[in-house]
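Colleague: I'd like to go through the enclosed spaces in this one, with the reasoning behind each label. Can you show me the model?

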Amino acid sequence: MAENKMLKFVSVPRDMPEKRLATARREDFQEIYAEFARDKAAEQSSRCSQCGVPYCQTHCPLHNNIPDWLRLTAEGRLQEAYEVSQATNTFPEICGRICPQDRLCEGNCVIEQSGHGTVTIGSVEKYITDTAWEEGWVKPILPARERPESVGIIGAGPGGLAAADYLRRAGVQVTVYDRYDRVGGLMTYGIPGFKLEKEVVDRRTRQFEDSGVEFVLNCKVGEDISFDAIRGKHDAVLIATGVYKSRDLPDSDHGGVIRAIDYLTASNRKNFGDDVPEYDSGELNAKGKKVVVIGGGDTAMDCVRTAIRQGATSVKCLYRRDRANMPGSQREVANAEEEGVELVWLSAPKGFECGPNGVTGVHVHRMRLGTPDATGRRMPEKIEGADYLEEADLVVKALGFEPEDLPTLWGVEGLEVTRWGTVRAEFGTGATSLDGVFAVGDIVRGASLVVWAIRDGRDSASAIVDYLDQSASAGVAAE
């Protein structure tokens, strides 16, 4: 019976997919984890305790039905497992690769808290969906009926694509506009291939195209097309641009001091085979350089691990707090250290030393953790007289992102923003101050993480369908 296949966490130890040796993986941009075999995926899924109140599910931003698809995997019912996984998540194969599971589902697993080691949820999720692609279970979207209404989505990142998926399943006609020449946003140009190989994104793009989603690429709103023109063409508009404005440091406009987004985009473009003059010139290339990355999130880990693969002579990451208070995934930190990155804790930049050819070093404050702030997190404070100079030929600022000033950028009147510059939108629906205009995820909160963008994209798409239904009902009533 099904229950005999579960609750094996006492007798079966936790096991991750095989990881390539650091000496090998630092030479290329391929993914570092192997795929689970069928028996291993079933074995690890069988460790699930099938909690009555599944903390893994409640701590997943998408509230994925994790216990059920683990049970189905343990029973060998993989197609059903995929269908359950896909029901709440547009991109389970992507979330299985890049979600910070150690902070979300796996980190809150009951058997992890009891000392038996968490279920390897992310690896099983990846396995289920990769198997679905191999077996041909992933099909183009065929709605039960087509609707006449159309929606314009600005942004082809995870939030915009999740919304496109939901809207097409509802039969709505969808056009997605994006400033870049490829679909995927940060999944394509921000996240390195060793975490997310680009064919994984490309095959989803092909599914969207086969499902009738139209992509208008190399299209900058406010330059190539006006926001008003998009509003005039569609029955509703969803703003899903993400956040691309980098947080900065004072007095950091020096040669060799660069933004993380520019650095990662250049690397990904080079791996696509594009012509990237800034990479070839060395401006956005770490080869042969002493690299210092400033920041403690997942973007910082992407940068340091990219620098290793580009052939940097040394790579150090400065973070103003300690390891326990680092916002990035601990799994990514461990991978970086294995590959030769040095994490310099309790260190913050003070300024830069520069020569005729650009930066030569970073002046660093030694820090300590002081009293907690309002959130309970201990605040870093400077240790007087403990400054030093960290040599560097290339400094990457990975300090997070802020929203762009979209009303000014696009010349839009009436699109209200908050005092933080984020688009003012109704919680849960994304409805903005403009009728028929909705906003998703990152530009509402000013934060960037794929899983939240997927959730908010789907929520906003659901609200748009309600809006279209109400508009259609009002039109019928008026007639």
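**Cavities and their linings**

Modeller: Start with α8, which gives three residues, the largest share, to the lining of the second largest cavity. Keep in mind that this is a predicted model, where local features need pLDDT of at least 70, side-chain atom pairs count only at pLDDT 80 or more, and totals for chains, interfaces and linings use all residues. Residues are numbered from 1 along each chain as its sequence is written, and side-chain values use heavy atoms, with hydrogens and water left out.

Colleague: What makes α8 a helix here?

Modeller: Helices are DSSP runs of H or I with at least four residues, numbered from the N terminus. α8 spans 121-135, so the label follows from that rule.

Colleague: Why is the space of about 120 Å³ called a cavity?

Modeller: Because on a 1 Å grid over the protein atoms alone, a 1.4 Å probe fits at its points but cannot get out. The volume is the space filled by probe spheres set on those points, joined across faces, edges and corners. That gives about 120 Å³ for the second largest cavity. Its 16 lining residues (an atom within 4 Å of a point) include C60, N64, C99, C105 and E125, the closest to its centre.

Colleague: How many cavities of 30 Å³ or more are there?

Modeller: Three. The largest holds about 300 Å³, and of its 24 lining residues, Y33, G96, R97, I98 and E332 are closest to the centre.

Colleague: What makes G96 polar?

Modeller: Ala, Val, Leu, Ile, Met, Phe, Trp, Tyr, Cys and Pro count as nonpolar, Asp, Glu, Lys and Arg as charged, and the others, Gly among them, as polar. The largest cavity's lining divides into nine nonpolar, six polar and nine charged residues.

How values were computed. 1 Å grid on protein atoms, 1.4 Å probe; cavity = no way out; pocket = protein on both sides within 12 Å on 5 of 7 lines; lining within 4 Å. Helix = DSSP H or I, 4+ residues; strand = E, 2+ residues; numbered from the N terminus.
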